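Here is a guided walk through a protein model, written for someone meeting this kind of picture early on. Keep the 3D view open and follow along.

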Amino acid sequence: EMEQTLKGKNVLVSAGPTQEALDPVRFLSNHSSGKQGYAIAKAAKALGANVTLVAGPTALEDLKDINMVHVTSAQDMFDAITSRLDNQNYIIMAAAVADYRPEMVADQKIKKSDEEVTFHFVKNPDILAYIGQHKKENQVICGFAMETQNLEENARKKLESKNCDMLIANNLFTRGAGFQTDTNVVTLLRKNETKHLPKCSKEELGYKILETMKEIEMEK
Ligand code: C5P
């Protein structure tokens, strides 16, 4: 039995990719497996928290004793999360949310022709930015950033622009990091701190994130 350090805390986690429909049979998505978000939710549960996991489509099994909310698109995820924000203490957005969606979803399958085809994309709402804008005094927010270049600089910009307390940044091209793997290699950013963490399992990183969020909460 693990020490119940998060007993009485409400923890909201997002995980996985989103799918943005083009027509009834096709969608735009990304390679997110959901593993990191699920690992965080599992760690929070083991520490005694009440956990809500809002997950895009993944191959993972539902977690026991966790409030599972399954969504498909970024707009679905936005609605599911913003309607559940009120009582949350720790909010961790590990989902790889699509930044854009097709402006129109065809109601019938788009047929192949001899012509080229062009799609117009519009912006999805930024869930994390919304949470940051509406942050309450008792809330601690952790965002994620996957970058392929200028990791720290881009991540620090995100931490500030989205009003996060903490941000976990990883480089897609680092071995043992990112999508699909069971391990991660990340940089943990806080207002006045940048920590390069050694490679660890996604579950270990989950505990590390929650421990740091508790520290941030106590410093508030
Ligand atoms: O700006 P970028 O998408 O790289 O930021 C990544 C962080 O923002 C992640 O925590 C992700 O879950 C969150 N995000 C979001 N809504 C979006 C896009 C990203 O919550 N539409």
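In which sense do β1 and β4 pair, and over how many bridges? The two strands pair in the parallel sense, and 6 bridges link them. You can pick out one spot in that pairing: Val 11 faces Val 51 of β4. Keep in mind that this is a predicted model.

**The whole chain**

Let's zoom out for a moment. The protein chain contains 5 helices and 14 strands. Its C-alpha trace spans about 60 × 35 × 30 Å along the principal axes. How does the radius of gyration fit with a compact globule? For 220 residues, such a globule would have a value near 17 Å, and the protein chain has 18 Å, which agrees.

Buried residues make up 46% of the 220 residues. The surface that the protein chain exposes comes to about 12100 Å², with carbon and sulfur atoms supplying 48% of it. Now take the contacts in the protein chain with a separation of 6 or more: 63% of them come from residues 24 or more positions apart.

**The sheet**

Now back to the strands. There is an open sheet of 8 strands, in the order β5-β4-β1-β6-β9-β10-β12-β13, and its pairing is mixed. Which strands stand at the edges? They are β5 (67–70) and β13 (193–196); each has a single partner strand, so one side of each is left without a neighbour in the sheet. From one strand to the next, the twist averages 15°.

Here are four of the pairings side by side, each with one pair of residues that you can look up in the model.

| Strands | Sense | Bridges | Residues opposite each other |
|---|---|---|---|
| β1 and β4 | parallel | 6 bridges | Val 11 and Val 51 |
| β4 and β5 | parallel | 4 bridges | Thr 52 and Asn 67 |
| β6 and β9 | parallel | 4 bridges | Ile 92 and Cys 142 |
| β9 and β10 | parallel | 6 bridges | Gly 143 and Leu 167 |

Strand β6 (residues 90–93) and strand β9 (residues 140–147) offer another spot to check: Tyr 90 has Val 140 in β9 as its bridge partner.

A couple of these strands are well tucked away. In strand β4 (residues 50–55), 5 of the 6 residues are buried, so β4 is largely enclosed by the rest of the structure. Strand β9 gets similar treatment: 7 of its 8 residues are buried, so β9 too is largely enclosed by the rest of the structure.

What packs on this sheet, and which strands does it touch? Helix α5 (residues 202–219) does, touching β1 (10–15), β6, β9, β10 (166–171), β12 (187–190) and β13. The direction of α5 makes about 135° with that of β6.

**Helix α2 and its surroundings**

Next, find helix α2. Its buried residues are Ala 74, Met 77, Phe 78, Ala 80 and Ile 81. What do they pack against? The buried residues of α2 pack against β1, β2 (20–23), β4, β5, β6 and α3.

Gln 75 also lies in helix α2, but this residue is partly exposed, with a relative accessible area of 30%. Leaving aside neighbours within four places in sequence, Gln 75 is in contact with Arg 101 and Pro 125. You can also look across to Gln 19: the C-alpha atoms of Gln 75 and Gln 19 are separated by 10.0 Å, while the two residues are 56 residues apart along the chain.

**A meeting of two rings**

One last stop. A pair of aromatic rings is described by the distance of the centres and the angle of the planes. How many aromatic pairs are there here? The count comes to 1. The partners are Phe 78 and Tyr 130, and their arrangement is edge-to-face, at 5.1 Å centre to centre and with 75° between the planes.

Which parts does this pair tie together? Phe 78 lies in helix α2 (residues 74–82) and Tyr 130 in helix α3 (residues 127–133), so the pair ties together parts that are 52 residues apart in sequence. As for burial, Phe 78 is buried, with a relative accessible area of 16%, whereas Tyr 130 is partly exposed, at 27%.

Definitions and conventions: Residues numbered from 1 in each chain as written. Predicted model: local features only at pLDDT ≥ 70, side-chain atom pairs only at ≥ 80, totals over all residues. Heavy atoms only, no water. Pairing = 2+ DSSP bridges. Axes fitted to C-alpha atoms, helices over the stretch in contact; angles between N-to-C directions. Contact = heavy atoms within 4.5 Å. Buried < 20%, exposed > 50% of the residue type's maximum accessible area, 1.4 Å probe, protein only. Rg over C-alpha atoms; globule rule 2.2 N^0.38 Å. Areas by Shrake-Rupley, 256 points an atom, 1.4 Å probe, with all protein chains shown as cover. Phe/Tyr/Trp six-rings, centres within 6.5 Å; stacked < 30°, edge-to-face > 60°.
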